[in-house]
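Ready for some practice in reading a protein model? Keep the sequence and the 3D view open, and try each task before you look at the solution.

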Amino acid sequence: MSANDLRVAIVGAGPAGLYAAGHLLHQHDVTVNIDLIDRLPTPFGLVRAGVAPDHPEKKLVIDRLFDFYLDHPRVRFFGNVELGTDITHEDLDARYDAVIYAVGASDDVSLGIPGEDLPGSHSARDFVGWYNGHPDFRDLRFDLSGKRAVIIGNGNVALDVARILTLGPRNLSQTEIADHALAALTRSAIEEVIILGRRGPEHAAFNNPEIEEFADLEGIDVEVEGVDFDGLSEQPVWNVRRKLKTLKQLAEAPSGLQEKRIILRFMTAPVAISGGAKVAGLKTITKTASGEQANTIETGLVLRCVGYRGAAVLGLPFDDARCTIPNEHGRVIDPNAASSGVYVTGWIKRGPKGVIGTNKKCALETVHCLLEDAKAGRLERSAPEIEGLEALLKQRKSDWVATDDWRRIDMAERTNGADQERPRVKISSWNELLQMATS
Amino acid sequence: MAFVIAAPCVADYSCLEVCPVDCISPGPHSAEFDSAEQLYIDPAACINCGACVEACPVSAIYKKELLPEKWAHYAGVNAEYFEQARDAATNKEPA
């Protein structure tokens with residue numbers, strides 16, 4: 001290794017971390033060696049565990065881009081390694097010239113309404129993790145025995161959840177949805193999903209491609225409630241006009257023809273979740289032209305899709321109001337420490353917004369800062385006499401998952417998938433993942 | 001004839017980096033990029049070279065006449081994005 005080489009640790013192997021790795025690998029005047037650390041035995045973060053299984057096109061970003069970074073000879077993967085438990089920020093700080101945190105947003109926004117913690121009320125994170133085979137969520141149980149589910153919030157995650165609840169086994173069985181979720185959804189009695197939005201359709205949180213897809217859902221009626229299209233003022237933003245046009249088309253399409261339906265209900269705020277031992281209903285207030293109208297929706301399943309938020313990382317500063325690590329263009333600002341060479345990218349840097357590619361630009365800004373600091377001699381270089389991460393993990397976490405180990409998991413999933421004409425059959429328990437990794 | 005960006009777009013902008021005529025928007029230097037839902041190809045400027053098709057990591061780009069049925073309306077969406085941007089720019093100019 002020449003004096004010009006850099007050793008960089010990236011914590012988090014999701015899109016933010018992988019785009020950062022990609023930008024570092026693309027440098028011509030400096031050779032960067034990268035260790036990519038993830039809490040899970042599997043890489044790719046929310047592309048694997050967030051993107052809905054009926055959107056396989058978006059997951060192509062793994063095969064067509066992220067795999068090249070992961071398999072690059074200057075990149076090593078350390079999966080099943082948890083920061084704070086197995087290693088600390090100090091361990092990384094001492095061993096690398098720079099550390100980039102790309103840890104995402106691991107907390108949920110809560111509603112702050114009574115009954116939120118009753119059985120039958122869940123966060124989107126739980127449900128999405130469950131149907132996507134995230135090992136932390138596979139043992140959860142969702143009560144799908146009722147006819148109706150209610151989703152609070154109308155962002156893209158809410159639309160994903162509504163589709164997965166209604167598409168049925170015919171549409172889902174050829175996807176990479178977790179087997180336990182497919183089995184449960186096959187037995188599901190749910191016929192109606194209501195998606196609640198607090199404000200009007202001009203403020204809907206979903207994106208256009210996602211809502212436009214609702215016009216073509218097989219076997220599902222989509223209804224729009226709480227919108228006076230004629231009363232809406234002319235919208236100055238084209239994106240919003242595009243959404244309203246779609247909603248109007250959905251509202252005007254014939255309904256009552258299909259077995260299942262999704263209702264997009266606007267101007268409706270959740271007030272309380274009612275029930276004794278478990279959820280029995282959701283009290284709401286709908287704003288109408290003539291005032292406020294209270295209603296109780298009978299349901300046994302309430303899913304809160306009102307947003308994610310970042311969580312603090314041990315050893316690093318945290319902005320409690322914004323739920324991000326305070327930073328300037330990706331350089332972590334720590335008033336209490338003189339430590340240099342600490343960076344952030346992705347949702348922990350800018351908050352949980354944007355699409356997969358938003359992270360590419362975000363990571364480029366961070367990587368530029370890092371390289372600028374390296375050139376200016378502002379990085380505290382790692383001490384060469386300290387044992388490397390591998391030696392440290394041999395003592396502390398001998399079952400870490402390396403790239404080759406992950407490839408064994410990957411290959412097993414793809415092989416099983418090919419047998420069933422699915423992209424993959426996910427392995428979703430910690431035990432099985434770690435067994436396959438070491439097989 | 002032109003290429004069209006359809007629903008799978010994740011705003012990765014690899015397409016824009018290889019486009020020889022800079023006909024894809026919004027780019028990462030635009031203020032609009034951070035809230036962009038997808039990127040769009042200007043049918044009036046596209047020279048139909050197809051470089052973007054290979055570059056796209058999610059295979060979101062199609063020849064207009066080969067768009068899958070469910071994404072057929074994206075030809076209009078791509079064109080409309082540039083029309084409204086041009087209209088907005090015209091309206092901003094002092095009379």
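## Exercise 1: Two helices that cross

Helix 1 of chain A passes helix 12 of chain A in a right-handed crossing. Keep in mind that this is a predicted model.

**Task.** Describe how helix 1 and helix 12 of chain A pack, and say which residues meet.

**Solution.**
- Step 1. Two packed helices are described by the angle between their axes and the distance between the axes.
- Step 2. For helix 1 (residues 15-25) and helix 12 of chain A, the angle is about 55° and the axes are 8 Å apart.
- Step 3. Helix 1 of chain A is therefore oblique to helix 12 of chain A.
- Step 4. On the side of helix 1 of chain A, the meeting residues are Pro15(A), Ala16(A), Tyr19(A), Ala20(A), His23(A) and Leu24(A). Their partners in helix 12 of chain A are Asn359(A), Lys360(A), Cys362(A), Ala363(A), Leu364(A), Thr366(A) and Val367(A).
- Step 5. Sorted by class, this contact has nine nonpolar, three polar and one charged residue.

## Exercise 2: Another pair to compare

**Task.** Work out how helix 14 and helix 15 of chain A are arranged: parallel, perpendicular or oblique?

**Solution.**
- Step 1. Find helix 14 at residues 403-419 and helix 15 at residues 430-437 of chain A. Their axes come within 7 Å and cross at roughly 115°.
- Step 2. Angles of 65 to 115 degrees count as roughly perpendicular, and helix 14 and helix 15 of chain A are therefore roughly perpendicular to each other.
- Step 3. The crossing of helix 14 and helix 15 of chain A is right-handed.
- Step 4. Helix 14 of chain A brings Asp405(A), Trp406(A), Arg408(A), Ile409(A) and Ala412(A) to the contact, while helix 15 of chain A brings Leu433(A), Met436(A) and Ala437(A).
- Step 5. By class, the contact of these two helices has six nonpolar, no polar and two charged residues.

## Exercise 3: Zoom in on a tryptophan

**Task.** Is Trp406(A) buried or exposed, and which residues does Trp406(A) contact beyond its neighbours within four places in sequence?

**Solution.**
- Step 1. Look for Trp406(A) in helix 14 of chain A.
- Step 2. Count the C-beta neighbours of Trp406(A) inside 10 Å: there are 24, so Trp406(A) counts as buried.
- Step 3. Leaving aside the neighbours within four places in sequence, Trp406(A) is in contact with Pro41(A), Thr42(A), Pro43(A), Phe77(A), Gly79(A), Val401(A) and Ala437(A).

## Exercise 4: Backbone surprises

**Task.** Which backbone features stand out at Phe44(A), at Tyr13(B) and at the bond from Ser25(B) to Pro26(B)?

**Solution.**
- Step 1. Start with the usual case: most residues other than glycine have a negative phi, and most peptide bonds are trans.
- Step 2. Phe44(A) has a positive phi, near 85°, and is not a glycine. Phe44(A) sits in the loop between strand 2 (32-37) and helix 2 (45-49) of chain A. With 23 other C-beta atoms within 10 Å, Phe44(A) is buried.
- Step 3. Tyr13(B), also not a glycine, has a positive phi of about 55°. Tyr13(B) belongs to the loop between strand 1 (3-5) and helix 1 (14-18) of chain B, and is buried, with 24 other C-beta atoms within 10 Å.
- Step 4. The bond from Ser25(B) to Pro26(B) is cis, with omega near -10°. Pro26(B) lies in the loop between strand 2 (24-25) and strand 3 (40-41) of chain B.

## Exercise 5: Step back to the chains

**Task.** Describe the make-up of each chain, then find where chain A touches chain B.

**Solution.**
- Step 1. Chain A has 15 helices and 18 strands. Its radius of gyration is 23 Å, close to the 22 Å that the globule rule gives for 439 residues, so chain A is as compact as a globular protein of that length.
- Step 2. Chain B has three helices and four strands, in the order β-α-β-β-α-β-α along the sequence.
- Step 3. Buried residues make up 48% of chain A and 38% of chain B.
- Step 4. At the interface, 20 residues of chain A are in contact with 18 residues of chain B. Helix 3 of chain A gives the largest share of chain A's side, six residues.
- Step 5. By class, that side of chain A has seven nonpolar, six polar and seven charged residues.

Notes: Residues are numbered from 1 along each chain as its sequence is written. Chains are lettered from A and ligands numbered from 1 in the order in which they are written. This is a predicted model: local features need pLDDT of at least 70, side-chain atom pairs count only at pLDDT 80 or more; totals for chains, interfaces and linings use all residues. Helices (H or I, at least four residues) and strands (E, at least two) are DSSP runs, numbered from the N terminus. The radius of gyration is taken over C-alpha atoms; the globule rule is 2.2 Å times the number of residues to the power 0.38. A residue is buried if 20 or more other C-beta atoms lie within 10 Å of its own, exposed if 12 or fewer, and partly exposed in between; C-beta atoms are placed from the backbone. Two residues are in contact if their C-beta atoms, placed from the backbone, lie within 7 Å. Ala, Val, Leu, Ile, Met, Phe, Trp, Tyr, Cys and Pro count as nonpolar, Asp, Glu, Lys and Arg as charged, and the others, Gly among them, as polar. Axes are lines fitted to C-alpha atoms, for helices over the stretch in contact, and angles run from 0 to 180 degrees between N-to-C directions. Angles under 35 degrees count as roughly parallel, over 145 as roughly antiparallel, 65 to 115 as roughly perpendicular and the rest as oblique. A crossing is left-handed if the near helix is turned anticlockwise from the far one by less than a right angle, and right-handed if clockwise.
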